[in-house]
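Trainee: Could you walk me through reading a structure like this one? I would like to start with surface patches.

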Amino acid sequence: MSLAHTAAEYMLSDALLPDRRGPRLKGLRLELPLDRMVKFVAVGFPLLLMSLAFAQEFSSGSPISCFCPSNFSIRQVAYVDSSCWDSLVHHEQDETGRYKTKSLWPHKALPYSLLALAVAMYLPVLLWQYAAVPALSSDLLFIISELDKSYNRAIRLVQHMLKIRQEGSDPHAFWDELEKARKERYFEFPLLERYLACKQRSHSLVAAYLLRNSLLLFFTSATYLYLGHFHLDVFFQEEFSCSIKTGLLHDETHIPSLIMCRLTSLSVFQIVSLSSVAIYTLLVPVVIYNLTRLCRWDKRLLSIYEMLPAFDLLSRKMLGCPINDLNVLLLFLRANISELISFSWLSVLCALKDTTTQKHNIDTVVDFMTVLAGLEPSKPKHLTHGVCDENP
C-alpha cells in the first residue's frame, strides 16, 4: 500500500462523523430563539409587575389614605379606610346637582389583571407544546440523523471506491463501473429528499405556529383595549370622594356623608400601565417578524446540503409556496445547527468547491472527497484516449 493511499484512508476516516447511540440530542431546541424571548418577556413581565404591586401593598400598608374628621377615633379611621377601599367608588355632583358614581375598581384589580395577562400569554405556549412539539421533535430527530448518515454514507462510498481502485488491476473496468453507477444513480439515497418533499404538502406544524403567534397578537390587542378602556379612565385620578354613611357610621349624624380619600398607590398603577404598553408594543414587531419568516426559504441551509447525493430540492426547483411544514422544519434545523455535525464539514467543502478550478466536475461530497483522496472525479483523459486508440 502506497503512502498516498494510506494518507487518503486516514483523511477519509477522520472525515467520518461519530456515531451517536447514547441519549439522542438532549439539547434539541423545540422553540426558536425569538419565540423563547417573546415567551419569557410576555409571560414573565406581568408576573414581575404583579409581584412588585403586591410588595408595594404589603410594605406601605393601606393603598388609600382618607382625610377623616379630627374627632374620629382610631377605630373609626381604620373603618373608613377599609370601607372606602372595599367600595372604591367616586361620588361627584353633575351640573344638575345630582350625585353620580364612578368605579375605580381597576386599582384594586391591578395584581389580578396582571396574573390573568400572564396566564393568557402562556396559552399560546401551551398550545405549541401539546399540538406541535411531539411531531416536531420526531421530525427533527429523523432529519438530523438522516443528514448526518447521508454524509457518512458518502464518505464510506469514497472509501470503498478507493479500496476497489487500489485492489483492481484494470483501471478501465473501474472507471466504466463508476460511470455506470453514476448514470444509474446508484450513489443516491432519496429517502430523506422524498420525506422533505412530502413535508411541503403537510401544514400541521405551520398551522400551529401561525396560531401561536396570532394568539399572541390577539391577546396583545386585548391588553391594549383593556388598558385604554379601563386604566385610562382612572389614570390621573389621585383623589376621590367616598361615602361613609354605611355600617359602623350609618347612624352618625354629626359626620359628613362624603370624605376625600387619596390613592397612595397611583404612581405604581401608572408605572405598571405605561410599562405594559411599552413592552408589548416592542414585542409586536418581533411577533410579526416571526410570521414573515414563513414567507421565505432558508436557501443557504439547503444549498449547503445540496452537496449530499439525492438532495436536489433547490437544483430541481422542487420548492413551492414556503408556507408549509418543510419551512418550519428548516427554521428549527437552523436553530439546532449545533446538533448537525455534518453542517460544519459540508460548509467547508462548499467553500472549497467554490474555489476549486474543477468546479464543473464537482457536484456532491462524493466528487469532492474523491478528488481529495487522489482519484479523478471522472475518467482520466489518457484512459479515454487509450480506448479510442484501441478501437479506431
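Mentor: Happy to! A nonpolar patch is built from residues with over 30% relative accessible area and no salt bridge, whose nonpolar side chains are joined within 5 Å. Keep in mind that this is a predicted model.

Trainee: Which residues form the nonpolar patch on the surface here?

Mentor: Leu47, Leu115, Val119, Tyr122, Leu123, Leu126 and Tyr130 do, and together they have about 640 Å² of accessible area. Helix H5 gives the most, with six residues.

Trainee: Why does leucine 126 count as partly exposed?

Mentor: Partly exposed lies between 20% and 50% relative accessible area. Leucine 126, in helix H5, counts as partly exposed because its relative accessibility is 31%.

Trainee: And how do I read the faces of a helix?

Mentor: An α-helix has 3.6 residues a turn, so residues three or four places apart point the same way. Now take helix H10, residues 266-292: its 27 residues reach 40 Å from first C-alpha to last, close to the 39 Å expected. Its buried residues include Leu266, Phe269, Val272, Ser276, Tyr280, Leu283 and Val287.

Trainee: What covers the buried residues of H10?

Mentor: The cover includes helices H2, H4, H5 and H9, along with strand E5.

Trainee: Where is confidence lowest, and where is it highest?

Mentor: The mean pLDDT of the protein chain is 77, with 68% of residues at 70 or more. Helix H15 is lowest at a mean of 47, while H9 is highest at 94. Over residues 385-392 pLDDT stays under 50, and the model has two contacts beyond four places in sequence for that stretch.

Note on methods
Residues are numbered from 1 along each chain as its sequence is written. This is a predicted model: local features need pLDDT of at least 70, side-chain atom pairs count only at pLDDT 80 or more; totals for chains, interfaces and linings use all residues. Side-chain values use heavy atoms; hydrogens and water are left out. pLDDT is the predictor's confidence in each residue, from 0 to 100. Helices (H or I, at least four residues) and strands (E, at least two) are DSSP runs, numbered from the N terminus. Contact means heavy atoms within 4.5 Å. The expected span of a helix is 1.5 Å times one less than its number of residues. Buried means under 20% relative accessible area, exposed over 50%, partly exposed in between (1.4 Å probe, protein chains only). Patches are made of residues with over 30% relative accessible area and no salt bridge: like charges are joined within 9 Å, nonpolar side chains (Val, Leu, Ile, Met, Phe, Trp, Tyr) within 5 Å. Accessible areas come from the Shrake-Rupley method with a 1.4 Å probe; for residues, only the protein chains shown count as cover. A salt bridge is a side-chain nitrogen of Lys or Arg within 4 Å of a carboxyl oxygen of Asp or Glu.
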